Amino acid sequence: MKKTQSFVSFLALKHFVSGVVLATFLVSNVWAQVPSAPSAPAPSQPAGNQGRPSGQPAGNQGRPSGQPAGTAPSSTTPQATNGNQTTNTTDTPDVNADKIEKVKETGLKTTIKGDSVEQAQKAKLQALRNKIFGTQIFNNPNLTFTPSSNIATPRDYTIGPKDNLTVYIYGYSQNTIELAVTSEGFVSIPRVGLVQLSGRTIDQAQKELIQRLSPYYYNLGMPNAPGASTYLQIALAQIRTIRVTVLGEVITPGTYNISSLSTALDALYSTGGPNELGSFREIKVVRKNKPVATIDLYEQVLTGSLSTDVRLQDNDVIFVAPYKKRIELKGTFKRPGLYELLPTDTFRKALEFAGGFNEVAYTARLLIYGITARERRVTDLSSKEFDTYIPSNGDEILADEVLTRYENMVTITGPVFRPGFYSLESNKTLLQLIKSADGLKGEAFIGRINVVRTREDLSVETISLNLADMINGKTSDLQLMREDQIIIPSKFELREPAVITIRGEVNKGSLEMPFNTNMTVEDVVLQAGGFKEAAANTQIEVVRRRRDVNLQLSDAAISKVFLVNVNPDLTLDADDSRFVLEPYDEIIVRPASNYQSQTFITVKGEVLNPGEYGLKTKDEKISDLVKRSGGLTAQAYERGATLRRTVALSEEELAVRNKSILAIGDDAKKGKFEAETVTATTQDAIGIDLERIMKDPGGREDMILQDGDILDIPKRLETVRLQGQVLHPATVKYRVGDSFTDYISQAGGFTRGSLRRKSYVIYPNGSVDRTRKFLFFNIYPRVEPGSDVIVPNRTASDLLEAQQAAQSIIGLSQTVLLLFTSIIAITSFSKK
C-alpha cells in the first residue's frame, strides 16, 4: 500500500515538473521576442574629436600633446593608424611639449587681448576726431581739392624752373614760341637770348617778353591794349611738380610732391588733415623761413570762402600747431561737438559755429562745466552774457530742452463744437472758453461738470460745478488757471447704450442695432434685410426686460413675451402691427413649421446611374437609394460598401473632444499615442453591410439617409494591404482560405518591435476587427478582400509590461515548485 502511494506521488510530481518546464519554455519564448531595453547612450564627443584622448583639443588628432595644430607628427614617435583615427602609443607624456603649448597659448591670448585693446583705443580716438568740428572735410571721400589741369593759366601763377611755356604772338604778325624754364630760371629766346622769368608771375613775364620782343614785331603789346596791332599771350604748356613739407599735428606729416597749381588746402587734404591735437584756426604757410599766410579752416567749412588759402611754391612748409583753446557744446545745439576758439572769441562766436540752437532749446540759461587749477567748476551762463563771456579751454557747455508744460494753455473736452487747446490770455473764465469753443452741443450734461486743476505743488484737484446755474447767472463764472482741463460729460455717456437685437430667419442673420424712439418690429426687420423665404411672419416673438422682478418668488416672471404678426412685404398700411419697441427688446423670427429646404445625397461607384439624388421622404433608406440609382452592377462588391456622413461639431463638443485627447496623450501608462487633429466638420465612415441590406430592404441593417450622405460602392477587390511592424510592408493578392498569419508571412513576418496582440484589420466598409486573446494564444481576425492588416509598434510601456509579466510567471513557477516539493518532502517524512 505504501509503495502504491509513493508511486502515485511520484507520478504527480513528474506531471507537475513537466508542467512547470513547459510554462518556463513558453515564458522563455515570450522573453526572447521582447527586445532588450536600449542601453544608455555613450557620452557623445564633439564633431571632429573622434579617436583622440579625452581633454585633447579638437583638430589635434594624431599628434602628441603640445604639438602645434597643423604640424605633422614627429617621425620618431611610434604611431598606430587605423583609417582616419590615430592613436599615440607613447607611454611617457611629453612634459616639455605641454609647457611649450601652454606658453604658446598664453602668448596667443596676450596677443589677442593686446589687439583688442589697440582696436578699442583706435575706435575711441576715431570717435574723438569725429566730434571735432572741421574734420568732416577730410573724412568725406566725395570731396577733393586736387586742382584741375584744364583751367586757364592763373595770372598770378609764379613761374619756376622746369615750367614749359607757350608764347602766342598774333595780330599783324603771327608766331608761336615754346619756352622751357631752366634750373637757373632762364628761358632762351631766338635772337633775344636768355631772359630771367623764374619768380615772376604770368603777367610780369608777359610784360618782360613784350619789352624784349618789341624790336622784332611791329607795334607789339598786351592783349586788347589800345594802339597795339600785334599781341603777345603766355600760357602754361606743362605744369611742373613741386615739393611741399607738412609738419606738426596732422594725421600723416611728411614731404609731398604735388602740382604747382596746388594750394595749402590741397596739401592738408593729402595728409588727412589735422589730428585730434591739431589746430584748425591757425595753420601757418612758411616760405623761405618766413610765414607768408595763416589759414583758418573754419572760414572754408562755414562760408565756403577760400580767401585765406594760398597757392604753394616749391619747398614751402605748412605747419599745424596744437590747438590753444577747445570747448565742447552739448545738448540742443544744431551741431553739437568740439570747437576751437581763438583767444578773443566769445560764446556768441562758438554759437555761430554750431549753427545756433535747435527748435526745443532752453536758451535762457546754459550750464558750463569748467576746469580750474584744482578741480571742476559749474557756472551758469545767462542769455545776456552770450556776447561778453569768453569760454576757457576745456569748457563743456550744455543746452537743455524747454519744459514740456505750457505756461498759458487750458483744455476743454466733451460735447462742445470745437474741443481742444486754448490760450489762457484769451479765455480767462469758463464761460469765455465755452464761447470760444463755439458753444455746447445739445447732448451736453450741464448739471455737473468737472474742472481738473494742477496746483503749484503739482498736486491735482477736481472741482465740480453746476454749469446750468452758471449759465443762468445763479453762480459766478469760474476764473481759469494754467493747465486747467474742463470735462463736460455727454448725456449718452451716462447711460447704457440702448440697442435692439433680432435673430433667426432674416437675411442679414443675427443683428444688433441702436435703438431709436418709436421703432417698430417692421422697422427692425427692414434693417435686417427682410425675411428669409423660410421665415414665419406670424407669431414673431418679442422678449422684453422686466424692471419689477420680485426675487423672493420662485416663479417670478423675469421677462415679458409678446407675439406679433407682421405683413410679409413690410408695407406700411392698415395691417401694420404698430408694435412699438422699447430699449433692449430682442426679436426672434422662427422658420415656418411647414417649410423644408431640399436635401441631397450622393451615390458613387458600382451602380447603374451614379450621381446626386434629392431625398424624397424623411425616412428614405439605403436600399431605396440603390433602387433609384438603377441597382448594382455585376462588379459591385457589396461587403466593401461604405456610407460617409458629414458630422458638424458644436464649439462645446469640439472642446470636449480636444480635452479628452489631451488627457489621453498626457497619460504615460497609455504608452505612445498619436491623435489626429479634431476639426469642427468631419466626414465619418459608417460601416454598413450592403449585402444584408439588399437581401432584407427596410430591415434592421437598412439605415435612414441624411442630407450630405455619400454611398460609395467599390468594385470587387482582390488585394490585401499589410502595414505596420512587418518586415516588408506590401500589398498582396487575396486568396480564399488564407489566414491572418498567412498574409503576415507574405510580408516577411513580424518584426521584433511588433505588438502582435494588438494587431487589427480594417475592412473595406470601414469596420474594424481586433486580435483576441485566449491563454497564451492570439486569435487573429479574418481577412477579406480589400482589407488593411495593421500591426502596431511596441512602445516602451508595452516592453515594460511584457518583461514584468515574464518575471512574474517565472517567480510564481519557482514558488509553486518549491511549495509542492516541500509538501511532498513533509508527507514522506511523516509517513516514515
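Nonpolar patches are made of residues with over 30% relative accessible area and no salt bridge, their side chains (Val, Leu, Ile, Met, Phe, Trp, Tyr) being joined within 5 Å. Accessible areas come from the Shrake-Rupley method with a 1.4 Å probe, and for residues only the protein chains shown count as cover. A salt bridge is a side-chain nitrogen of Lys or Arg within 4 Å of a carboxyl oxygen of Asp or Glu.

By these rules, Phe774, Leu775, Phe776, Phe777 and Ile779 make a nonpolar surface patch of about 600 Å². Phenylalanine 777 belongs to strand 39 (residues 777-779). Its relative accessibility is 53%, so phenylalanine 777 counts as exposed. Exposed means over 50% relative accessible area, buried under 20%, and partly exposed in between (1.4 Å probe, protein chains only).

**Basis of the model**

The model is predicted: local features need pLDDT of at least 70, side-chain atom pairs count only at pLDDT 80 or more, and totals for chains, interfaces and linings use all residues. Residues are numbered from 1 along each chain as its sequence is written, and side-chain values use heavy atoms, with hydrogens and water left out.

**Overall picture**

The protein has 15 helices and 40 strands. Both are DSSP runs numbered from the N terminus: helices are H or I with at least four residues, strands are E with at least two. Of the 832 residues in the protein, 33% are buried. The accessible surface comes to about 51400 Å², and carbon and sulfur atoms hold 53% of it. Among contacts with a separation of 6 or more, 60% are between residues 24 or more positions apart. Contact here means heavy atoms within 4.5 Å.

Helix 5 (residues 264-271) has six of its eight residues buried, so it is largely enclosed by the rest of the structure. The buried residues are Ala264, Leu265, Asp266, Ala267, Leu268 and Thr271. Glycine 272, just after helix 5, takes a positive phi of about 95 degrees.

**Two sheets and a hairpin**

Strands of a sheet pair through backbone hydrogen bonds, either parallel or antiparallel. Two strands count as paired if DSSP finds at least two bridges between them.

One open sheet has five strands in the order 25-24-28-26-27, with mixed pairing. Strand 25 (511-514) and strand 27 (559-564) are its edge strands, each pairing on one side only. Strand 24 (residues 499-504) pairs with strand 25 in the antiparallel sense over four bridges. Isoleucine 500 has methionine 513 in strand 25 as its bridge partner.

A further open sheet holds five strands in the order 35-34-40-36-37, again with mixed pairing. Strand 35 (730-733) and strand 37 (768-770) stand at the edges with a single partner strand each, so one side of each is left without a neighbour in the sheet. Strand 34 (residues 719-724) and strand 40 (residues 788-791) run parallel, joined by four bridges. Leucine 722 is bridged to valine 789 in strand 40.

Strand 29 (residues 600-605) and strand 30 (residues 611-614) pair in the antiparallel sense over four bridges. They form a hairpin with five residues between them. Threonine 602 has glutamate 612 in strand 30 as its bridge partner.

**Positive phi in loops**

Most residues other than glycine have a negative phi. Lysine 162 has a positive phi of about 75 degrees although it is not a glycine. Lysine 162 sits in the loop between helix 3 (136-139) and strand 3 (164-171). Asparagine 224 also has a positive phi, about 70 degrees. Its loop runs between strand 7 (220-221) and strand 8 (230-238). Lysine 162 is exposed at 64% relative accessibility, and asparagine 224 is exposed at 77%.

**Salt bridges**

The count comes to 35 salt bridges. Three are tabulated here.

| Pair | Closest N to O distance |
|---|---|
| Glutamate 461 and arginine 455 | 3.1 Å |
| Arginine 590 and glutamate 541 | 3.3 Å |
| Arginine 639 and glutamate 691 | 3.3 Å |

Arginine 639 lies in the loop between helix 11 (622-628) and strand 31 (642-648), and glutamate 691 in helix 13 (residues 690-695), so the pair ties together parts 52 residues apart in sequence. Salt bridges that share partners join Arg639, Glu691, Lys695, Arg782 and Glu784 into one network. Arginine 639 is partly exposed, with a relative accessible area of 42%. Glutamate 691 is partly exposed at 23%.

In the pair of arginine 590 and glutamate 541, arginine 590 is partly exposed at 38%, whereas glutamate 541 is buried at 17%.

How values were computed
Patches are made of residues with over 30% relative accessible area and no salt bridge: like charges are joined within 9 Å, nonpolar side chains (Val, Leu, Ile, Met, Phe, Trp, Tyr) within 5 Å.
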